[in-house]
Structures are given as structure tokens and as C-alpha cells.
Amino acid sequence: MNQQLYCYWSFRSPYSYLAVRRLRDWQRDYRLNINIRLVYPIAVRIKDFFKHQPPQWLPYLLTDCSREAERLGIPLGLPRPDPIVMDMDSGEVAEEQPLIQRLNLLGMAATEAGLALEFIDEVSQLIWSGHVNDWEKGSGLARACRRAGLELDILEDCANKNRERYQLALERNQQAQLTAGHWGVPLFVYRDEPFFGQDRMDTLLWRMLQQGLLYRG
């Protein structure tokens with residue numbers, strides 16, 4: 001039987017993006033089901049979060065993400081546009097968040113189709129690779145969906161028809177994330193044990209192998 005891993009994940013998190021390829025490798029190589037649990041970014045989940053951070057917080061985060069991307073051999077650039085509408089100088093986050101809401105609703109539709117991991121991988125590359133401007137426009141998003149084995153029009157239709165249900169599911173994901181033991185992303189939960197951050201993935205894999213995770217084949 002496959003073992004179960006739960007991953008709480010956000011489209012606005014560069015660390016979440018840096019984790020996805022290893023997750024796909026694990027799902028390919030091990031008898032492991034990776035269950036993606038989408039959540040809203042911390043800018044939405046925790047009111048005024050960015051207003052309460054010291055001035056060194058954001059510059060260090062950008063430096064660390066760039067360094068980790070280089071170490072992992074993964075292209076990384078600031079998203080254009082940012083999935084979250086906010087003033088980076090003041091930390092003020094807009095009440096209306098059309099981009100991240102659309103992404104999360106599409107992601108919930110992809111989850112129901114059984115292709116959440118494939119969807120977040122392809123779409124996060126579109127947003128975070130640094131190769132695409134105006135990722136939310138044109139045909140880029142549709143092509144990313146096709147690479148994931150999905151059709152954007154079908155996902156959009158599901159998102160529109162199931163908006164309220166998907167929103168409730170996102171809220172449940174966020175509560176389950178807190179119950180699991182942390183508020184940040186990516187958060188991995190294996191047998192009720194939380195592992196926060198893509199820099200804990202080696203430790204997570206060690207634990208899963210210790211607990212009997214097997215290779216496929």
C-alpha cells in the first residue's frame with residue numbers, strides 16, 4: 001500500500017514552488033500518495049502580517065530564496081504580476097484578491113480531478129520561473145494546464161459552479177494546517193508529524209524511509 005503525505009501549499013510562496021519538483025520525484029519513485037492541501041498566502045490568512053515584520057525580513061527572504069534556487073538548479077524570478085495585490089512598502093493588502101482567488105479555485109478543481117500536484121507544478125513554474133510576464137493573460141495558463149493533463153476551460157467552469165464549496169474546503173485546509181502544528185508553507189504532515197519548510201524535505205524523506213516507505217517497482 002502507498003503511504004500518505006499531506007502538503008499545505010500556497011501559490012504565492014517561493015519556498016512552496018521550490019519544493020514541488022522534489023514532490024513529483026517522490027511520487028514517481030516511492031509508494032507514496034502526496035495529498036496537496038491548498039491554502040491562501042499568509043498575507044491573506046494573517047491580517048497585517050507584513051506590517052509587523054522587521055525591515056530585514058523581506059531582503060533576507062529574497063536572498064535566501066535566490067540562494068536555494070541556485071543550489072537546487074531551479075529557475076526563480078519575482079512573479080509578474082504578484083498573485084497578491086498589496087503595497088510592498090507599507091505592507092497594506094487589498095481586500096479584493098482576484099488573482100490568488102482564481103488560482104486557488106482552479107487548484108481546487110484540479111484537486112478534484114486528481115491532478116493537484118501536476119497542476120501546482122506547471123502553474124507555479126509559470127508564475128515563479130522568471131521567464132513569463134503577465135502569466136495570468138494569454139495562453140500561458142492554458143498551456144500549463146494541458147501539460148498537467150487538464151483543460152483550463154473545464155477548470156474555470158468547475159471553479160465557477162463550485163465556488164462556495166471550494167471556498168469552504170480552503171477554509172478547512174487552513175484550519176487543518178494549524179491543527180497539524182504550523183501556520184507556514186510548505187508544511188508537510190506525515191503520520192501526524194509536521195515538517196515545516198522545503199529545507200526540511202531531507203529530514204522528511206529520512207523519516208518516511210525510517211517508517212517503511214518503499215520504492216516503486
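Reader: What share of the contacts in the chain with a separation of 6 or more comes from residues 24 or more positions apart?

Author: The model is predicted, and its chain holds 9 helices and 6 strands. Among contacts with a separation of 6 or more, the part due to residues 24 or more positions apart is 74%.

Reader: Which radius of gyration does the chain have, and what would a compact globule have?

Author: The C-alpha trace spans about 50 × 40 × 35 Å along its principal axes. A compact globule with 217 residues would have a radius of gyration near 17 Å, and the chain agrees with this because its own value is 17 Å.

Reader: What percentage of the residues in the chain is buried, and how much area does the chain expose?

Author: Of the 217 residues, 48% are buried. Carbon and sulfur atoms supply 51% of the exposed area. That area is about 11,300 Å².

Reader: How far apart are the mean positions of the positive and negative charges?

Author: The chain carries 26 positive and 28 negative charges. Their mean positions are separated by 5 Å.

Reader: Is Ser10 buried or exposed, and which backbone nitrogen lies 3.1 Å from a polar atom of its side chain?

Author: Ser10 sits in the loop between strand S1 (3-9) and helix H1 (14-29). Its relative accessible area is 1%, so Ser10 is buried. Beyond its neighbours within four places in sequence, Ser10 is in contact with Ser16, Val39, Tyr40, Pro41 and Val185. The backbone nitrogen at 3.1 Å from a polar atom of the Ser10 side chain is that of Arg12.

Reader: Which side chain forms a polar contact of 3.4 Å with that of Gln3, and which backbone oxygen does Gln3 reach at 3.3 Å?

Author: Gln3 belongs to strand S1 and counts as buried because its relative accessible area is 12%, below the cut-off of 20%. Leaving aside neighbours within four places in sequence, its contacts include Arg31, Tyr190, Met208 and Leu213. The side chain at 3.4 Å is that of Arg191, and the backbone oxygen at 3.3 Å is that of Gly212.

Reader: Against which helices do the buried residues of H6 pack?

Author: Helix H6 covers residues 140-147, and its buried residues are Gly140, Leu141, Ala142, Ala144 and Cys145. Just after H6, Gly149 has a positive phi of about 85 degrees. The buried residues of H6 pack against H4 (98-112), H5 (116-128) and H7.

Reader: How exposed is Asp157, and what separates its C-alpha atom from that of Ala109?

Author: Asp157 is in helix H7, residues 152-161. With a relative accessible area of 37%, Asp157 is partly exposed. Asp157 and Ala109 are 48 residues apart along the chain, and their C-alpha atoms are separated by 9.1 Å.

Reader: Which residue does a cis peptide bond join to Pro186, and which precedes Pro81 in a cis peptide bond?

Author: Most peptide bonds are trans. Pro186 is in the loop between helix H8 (163-180) and strand S5 (187-190), while Pro81 is in the loop between helix H3 (57-72) and strand S3 (86-87). Omega is about -5 degrees for the bond that joins Pro186 to Val185. Omega is near 5 degrees for the bond to Pro81 from Arg80.

Reader: What are the phi values of Arg191 and Asp192?

Author: Most residues other than glycine have a negative phi. Arg191 is in the loop between S5 and strand S6 (193-196), and Asp192 lies in the loop between S5 and S6. Asp192 counts as exposed because its relative accessibility is 73%. Both phi values are positive: about 50 degrees for Arg191 and near 70 degrees for Asp192.

Notes:
Residues are numbered from 1 along each chain as its sequence is written. This is a predicted model: local features need pLDDT of at least 70, side-chain atom pairs count only at pLDDT 80 or more; totals for chains, interfaces and linings use all residues. Side-chain values use heavy atoms; hydrogens and water are left out. Helices (H or I, at least four residues) and strands (E, at least two) are DSSP runs, numbered from the N terminus. The radius of gyration is taken over C-alpha atoms; the globule rule is 2.2 Å times the number of residues to the power 0.38. Buried means under 20% relative accessible area, exposed over 50%, partly exposed in between (1.4 Å probe, protein chains only). Contact means heavy atoms within 4.5 Å. Accessible areas come from the Shrake-Rupley method with a 1.4 Å probe; for residues, only the protein chains shown count as cover. Lys and Arg count as positive and Asp and Glu as negative; His and the chain ends are not counted. The place of a charge is taken as NZ of Lys, CZ of Arg, CG of Asp or CD of Glu. A polar contact is a pair of N or O atoms within 3.5 Å; within protein, one must be able to donate a hydrogen and the other to accept it, and residues adjacent in sequence count only if both atoms are side-chain atoms.
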